[in-house]
Amino acid sequence: MKVHWTKTAEGHLDAIYAYIAQDSPQYAMRMVDRLTRRSQQIADFPLSGRKVPEYEMDQIREVIEGPYRIIYHIKPHQNRRLGRHPWLPGYSSPRRIRKLP
């Protein structure tokens, strides 16, 4: 299966990098690499992620990487990236997931 990263997801990845890079650009790049490498796991094993508790749909899954939730939607011919929940200091509450069309 192919993994498609939405513009929103790419923006979240950039924000994660910027946040971590304030203290360590090297660690920020390592975290971004770890997150993007999870795309291969999702592509190869789309059912390897657990069902997202906020949704009652088998095809919406998540994998955890460090303090981040990588949430994706399994479609017959592609996986669509929905969003990421950063659990970082400075965030007062988790961001809400919005269902994409």
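**Salt bridges and the nonpolar core**

Colleague: What is the relative accessible area of R50?

Modeller: In this predicted model, R50 is neither buried nor exposed but partly exposed, a class that lies between under 20% and over 50% relative accessible area. The value that places R50 in this class is 49%.

Colleague: Which residue forms a salt bridge with R50, with the closest N and O atoms 2.5 Å apart?

Modeller: The partner lies in strand β3, whereas R50 belongs to strand β2 (residues 50-51), so the pair ties together parts that are 12 residues apart in sequence. Unlike partly exposed R50, this partner counts as buried, at 2% relative accessibility. The residue is E62.

Colleague: Which residues are linked with R50 in a network of salt bridges?

Modeller: Side chains of opposite charge can pair when their charged atoms come close. The pair of E62 and R50 belongs to a network of salt bridges, and the residues linked there with R50 are E54, E62 and R69.

Colleague: Which residue meets the side chain of E65 in a salt bridge?

Modeller: The pair links distant parts of the chain, since E65 lies in strand β3 (residues 60-65) and its partner in helix α2, 27 residues apart. Both side chains are buried, because E65 has a relative accessible area of 11% and the partner one of 19%, each under the 20% cut-off. With a distance of 2.7 Å from N to O, the partner of E65 is R38.

Colleague: What is the N to O distance in the salt bridge where the side chains of K51 and D58 meet?

Modeller: Here both residues are partly exposed, K51 at 45% relative accessibility and D58 with a relative accessible area of 46%. A salt bridge requires the nitrogen and the carboxyl oxygen to be within 4 Å, and for K51 and D58 the distance is 3.0 Å.

Colleague: How many salt bridges does the structure hold?

Modeller: Those discussed above include the pairs E65 with R38, E62 with R50 and K51 with D58. For the structure as a whole, the number of salt bridges is six.

Colleague: Turning to the largest nonpolar core, which element gives the most to this core?

Modeller: This core has 18 residues, and those with the most contacts inside it are I16, I20, M31, L35, I42 and Y68. Two or more residues come from each of α1 (7-21), α2 (25-44) and β4 (68-75). The element that gives the most, with six residues, is α2.

Notes:
Residues numbered from 1 in each chain as written. Predicted model: local features only at pLDDT ≥ 70, side-chain atom pairs only at ≥ 80, totals over all residues. Heavy atoms only, no water. Core = buried A, V, L, I, M, F, W, Y, C linked by side-chain atoms within 4.5 Å. Buried < 20%, exposed > 50% of the residue type's maximum accessible area, 1.4 Å probe, protein only. Helix = DSSP H or I, 4+ residues; strand = E, 2+ residues; numbered from the N terminus.
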